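Biologist: I am new to this structure and would be grateful for a close look at a single part of it. Please take one strand and describe its surroundings in a connected way.

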Amino acid sequence: MEKLKIDFGSGYAHNKDYKSCDITFSPILDFVYDYKKNKILYCKINSVDEFYLRNVVHHLPDIEKTFKCLKKYLKKGGIIKIIDVNKNYFKQNLFLDRLWYRFIIPQNEIWFSEVYRDYKSILKDMNFQVLENYVIAEKEVSVWKKS
Ligand SMILES: C[S@@+](CC[C@H](N)C(=O)[O-])C[C@H]1O[C@@H](n2cnc3c(N)ncnc32)[C@H](O)[C@@H]1O
């Protein structure tokens with residue numbers, strides 16, 4: 001059976017190996033994340049093999065809330081792959097986010113954190129098992145398994 005892999009916070013140019021999903025109700029998305037209800041519309045609980053979050057975690061106002069949602073939709077043994085800004089580059093990235101989302105293409109509805117947050121501890125506290133964890137230039141990559 002084909003695996004269900006979702007690019008969560010995909011924007012409109014999603015990774016082609018994954019289905020798309022974002023917070024906007026756009027007809028071109030495969031799935032929609034309803035942040036208020038903390039639900040992924042059109043998606044079945046315990047059905048997802050992999051969530052892929054590239055440059056999304058620092059845009060989540062409540063990381064634990066969203067991870068709880070992802071955990072609910074993941075199959076047992078399913079994984080979350082996270083690519084986000086490495087702690088050492090956080091300030092530079094914040095400067096670019098401010099420039100981009102507030103001045104160049106103003107999108108005031110896009111939230112971003114003003115501080116680096118330890119999302120890996122949150123995943124560990126939620127009983128996710130770390131499979132990979134490494135840094136490539138300004139990004140950190142980690143892979144987490146639902147046990
Ligand atoms: C920097 S863009 C990254 C887009 C894409 N993942 C990429 O790497 O090109 C951040 C994305 O996160 C989405 N986003 C913002 N807040 C979100 C939230 N609370 N939950 C899920 N996605 C969110 C935005 O709509 C946007 O598409």
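Modeller: The account below follows strand E8, its sheet and the helix that packs there.

The model is a predicted one, in which local features need pLDDT of at least 70 and side-chain atom pairs count only at pLDDT 80 or more, while totals for chains, interfaces and linings use all residues. Residues are numbered from 1 along each chain as its sequence is written.

Strand E8 comprises residues 139-146. Helices (H or I, at least four residues) and strands (E, at least two) are DSSP runs, numbered from the N terminus. E8 belongs to an open sheet of 8 strands with mixed pairing, in the order E4-E3-E2-E1-E5-E6-E8-E7. The edge strands, each pairing on one side only, are E4 (39-41) and E7. On average, neighbouring strands of this sheet are turned by 20 degrees against each other, direction ignored; axes are lines fitted to C-alpha atoms, for helices over the stretch in contact, and angles run from 0 to 180 degrees between N-to-C directions.

Strands of a sheet pair through backbone hydrogen bonds, either parallel or antiparallel. Two strands count as paired if DSSP finds at least two bridges between them. E8 runs antiparallel to strand E6 (residues 74-85), joined to it by 7 bridges. Lys 81 has Val 143 of E8 as its bridge partner, and Asp 84 has Glu 140. With strand E7 (residues 128-136), E8 forms 8 bridges, again in the antiparallel sense. There, Ile 136 is bridged to Lys 139. The hairpin of E7 and E8 has 2 residues between the strands, and Ala 137 takes a positive phi near 50 degrees in it.

In a regular strand the side chains alternate between the two faces of the sheet. The covered face of E8 holds Glu 140, Ser 142, Trp 144 and Lys 146, whereas Lys 139, Val 141, Val 143 and Lys 145 form the uncovered one.

Helix H1 (residues 63-73) packs on the sheet, and E8 is among the strands that it touches, together with E1 (5-8), E4, E5 (48-54) and E6; a contact requires C-beta atoms, placed from the backbone, within 7 Å. The direction of H1 makes about 145 degrees with that of E6. Thr 66, Phe 67, Cys 69, Leu 70 and Tyr 73 of H1 are buried, that is, 20 or more other C-beta atoms lie within 10 Å of their own. Seen down the axis of H1, these buried residues fall within an arc of 155 degrees, so they line one face of the helix; the arc is that of the directions from the helix axis to the C-beta atoms. Their cover includes E1, E4, E5, E6 and helix H3 (119-125).

Notes
A residue is buried if 20 or more other C-beta atoms lie within 10 Å of its own, exposed if 12 or fewer, and partly exposed in between; C-beta atoms are placed from the backbone. Two residues are in contact if their C-beta atoms, placed from the backbone, lie within 7 Å.
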